[in-house]
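Open the model in your viewer and keep the selection tool at hand. The tour goes stop by stop.

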Amino acid sequence: MLLTFALVAATGAPAAQTQTTGPWKSLFDGTSLDAWRIYKSDKAPKMCAGGETTAGWEIKDGVLQKDGNANDLASKDQFGDFELELEWKIGEAGNSGVFYRGTEEYNAIYWRAAEYQLLDNVNAEDNKKDNHLAGSVYDLFAAPKDAAKAAGQWNQTRIVAKGPHVEHWLNGKKVAQYDLGSAEWQAAYAASKFTRYPNFAKAPKGYLGIQGNHPGTLALRNIRIRELS
């Protein structure tokens, strides 16, 4: 079962606690990938594309996992204001991410959607910047290095998105947040790699995504979402 996340931060309750919430919807319960597809495709996640993609996604012992360079996944449904929870375990030196409010405007989902970084903070090559660490808003807003558990251990992620306000939670702690369009956001965006994409993170509603196109292992379980209003 998905563990209950801490709902109170040092500055008070997160945004989701004051919102009207819909029922939880399972996006992966350990048995089915019906909620997912390959990004920009109707193909099932287990299939592999050509080129550099050599691995597929599979369900094993109730876990969604991949070992190698797999296709990026996208949800079949789109979500605007939501609370997303999942558990993840990454292999040594592993690098991945969860995208939200993504579109199919570009060939890669990360050119359009903000990313919640999944990373082995100790051994991954991408650990040189605080805004690349697990739980960070990738290349935009930092997360503390000690928030994530070591490679091979399960972590708990929670993402709360309500209008322009977004919170990243990791193992019961709020590790990053931002308000889209704020002065802080504009400064972080201007210093990021995403400036060549003028529509980056601007969609009010879009697909969830799971990054597969990095080598290494990644496992996920208990993925669920509820919409906020």
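Start by colouring the whole chain by confidence. This is a predicted model. Mean pLDDT for the protein is 91, and 90% of the residues reach 70 or more.

Now select residues 1-17. Here pLDDT stays under 50. The model still gives this stretch 38 contacts beyond four places in sequence.

Next, the sheet. Select strands 2, 5, 12, 7 and 8. They form an open sheet of five strands, and 2-5-12-7-8 is their order across it. The pairing is antiparallel. Which strands lie at the edges? Pick 36-38 for strand 2 and 114-119 for strand 8: each of these edge strands pairs on one side only. Look across the sheet as well. On average, neighbouring strands are turned by 25° against each other, direction ignored.

Zoom in on one pair within that sheet. Select residues 73-79, which are strand 5, and residues 206-210, which are strand 12. Four bridges join the two in the antiparallel sense. For a landmark, label Ala74 and Gly209: Ala74 stands opposite Gly209 of strand 12.

Last stop: the second largest pocket. Its space comes to about 210 Å³. Which residues sit closest to its centre? Show side chains for Tyr110, Tyr138, Lys193, Gln211 and His214; these are the closest among the 14 residues lining the pocket. Then colour the lining by class. Five residues are nonpolar, five are polar and four are charged.

Key:
Residues numbered from 1 in each chain as written. Predicted model: local features only at pLDDT ≥ 70, side-chain atom pairs only at ≥ 80, totals over all residues. Heavy atoms only, no water. pLDDT = per-residue confidence, 0-100. Contact = heavy atoms within 4.5 Å. 1 Å grid on protein atoms, 1.4 Å probe; cavity = no way out; pocket = protein on both sides within 12 Å on 5 of 7 lines; lining within 4 Å. Points joined across faces, edges and corners; volume = space filled by probe spheres on them. Nonpolar A, V, L, I, M, F, W, Y, C, P; charged D, E, K, R; others polar. Pairing = 2+ DSSP bridges. Axes fitted to C-alpha atoms, helices over the stretch in contact; angles between N-to-C directions.
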